[in-house]
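Q: I am new to this structure and would like a close look at a single part of it. Please take one helix and the charged pairs around the fold, step by step.

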Amino acid sequence: MARIITVGAAQLGPIAREEPRAQVVGRLLALMRQAKETGCGLVVYPELALTTFFPRWLLEDPAGIESFFEREMPNAETQALFDEARRLEIGFYLGYAESVEEDGARRHYNTSILVDKSGEILGKYRKIHLPGTAEVVPGRAGQHLEKRHFGVGNLGFPVWRAFGGILGMCICNDRRWPETYRVMGLQGVEMVLIGYNTPVGLGDPYELDALTPFHNHLSMQAGAYQNAAWVVGVAKAGCEEGINMIGQSCIIAPSGEIVAMCRSLGDELITYRCDLDMGRPYKEDIFNFAAHRRTEAYGLIVERTGAEPPPD
Ligand code: ING
């Protein structure tokens, strides 16, 4: 019997800096209900789906910074999302800023969770590839200070048996790195869920900015095809606090084809009936890792030691 997941990519428009969590959760609930009405068993929200993309600013007041983070999940503001998921019997991926006590210290991560149809958290991922800088880059229109606000994720790239298949997660900049998909691909992943907040550009050099939408899809389509997996990429889009963010959220098949894409820069749901067995012919033939990959011949044992540029 075909293993079908009907997936909803729930793109969000801008979230204002002062927008109350309750108002944002109301938007998420509307998209969840729309997803259920269209037969979805899983809905995917963007990265940092509860707040504005605050790493665009140099924030220095500790209490102000902490106000963008969640110390528990679910919590008072998000419990309604978990309750509705249970009532509707629909799972979800949610990106948010996580503040946690670990080894006696307060740590901060750019996090996503996978929640099943009973409203239980199945799995957690913490963003590993943190783009930008820890310090302000003078003269730049848009700053990108994730290295200042988040620690590097310490959970690896796990996958989970869920929704009838093998699912994995990553966040935003992770999608640009082939290692992200390959580590999950080596674990047999069949669907990768990705939330992103991507400014059209950081203002320099313009030539790269102009290609941001192209690079967005290129990265995810390549990751999907080369690992024979579905990829669901979901944006927080539009002009958020004066910064233009790309949209074009999409659902990508293991063939690398985009099968559904958002057209707006606001809250918008797209859906697709994803056959998890569509990746099988690719995994059994062209990307049969056991039959064709030869790590011992690569020169650098990339899985174990990590490749370093050759010495000068
Ligand atoms: N955002 C961006 C991303 O990787 C970025 C950073 C912007 C990279 C523009 C390249 C060009 O999509 C996050 N949050 O990682």
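A: This is a predicted model. The buried residues of helix α3 pack against four elements: helix α1 (21-37) and the strands β3 (91-102), β4 (105-115) and β5 (121-126). The helix itself covers residues 79-88, and its buried residues are L81, F82, E84, A85 and L88. Viewed down the axis of α3, these buried residues fall within an arc of 165°, so they line one face of the helix. Just after α3 comes E89, which takes a positive phi of about 60°.

The loop between α2 (62-66) and α3 brings in the charged pairs, since it holds E70. Side chains of opposite charge can pair when their charged atoms come close. E70 and R21 do this through their side chains, in a salt bridge with an N to O distance of 2.7 Å. R21 belongs to helix α1, and the pair links distant parts of the chain, 49 residues apart. Both R21 and E70 are buried. Helix α1 therefore appears twice in this picture: the buried residues of α3 pack against α1, and R21 in α1 pairs with E70 in the loop between α2 and α3.

A further salt bridge joins the side chains of E240 and R56, with 2.7 Å from N to O. E240 lies in strand β10 (residues 238-240), while R56 is in the loop between β2 (42-44) and α2, so the pair ties together parts that are 184 residues apart in sequence. Like the pair just described, E240 and R56 are both buried.

The side chains of R148 and E135 also meet in a salt bridge, at 3.2 Å from N to O. R148 sits in helix α4 (residues 146-149) and E135 in the loop between β5 and α4, so this pair ties together parts that are 13 residues apart in sequence. R148 is partly exposed, with a relative accessible area of 31%. E135 has a relative accessibility of 53%, and therefore counts as exposed, the cut-off for exposed being over 50%. Strand β5, which precedes the loop of E135, is also among the elements that the buried residues of α3 pack against.

These pairs belong to a longer list, as the structure holds 22 salt bridges. Some residues are joined in a network of salt bridges: R3, E190, D277, R280 and E284 are linked in this way.

Technical notes: Residues are numbered from 1 along each chain as its sequence is written. This is a predicted model: local features need pLDDT of at least 70, side-chain atom pairs count only at pLDDT 80 or more; totals for chains, interfaces and linings use all residues. Side-chain values use heavy atoms; hydrogens and water are left out. Buried means under 20% relative accessible area, exposed over 50%, partly exposed in between (1.4 Å probe, protein chains only). Helices (H or I, at least four residues) and strands (E, at least two) are DSSP runs, numbered from the N terminus. The arc is that of the directions from the helix axis to the C-beta atoms. Contact means heavy atoms within 4.5 Å. A salt bridge is a side-chain nitrogen of Lys or Arg within 4 Å of a carboxyl oxygen of Asp or Glu.
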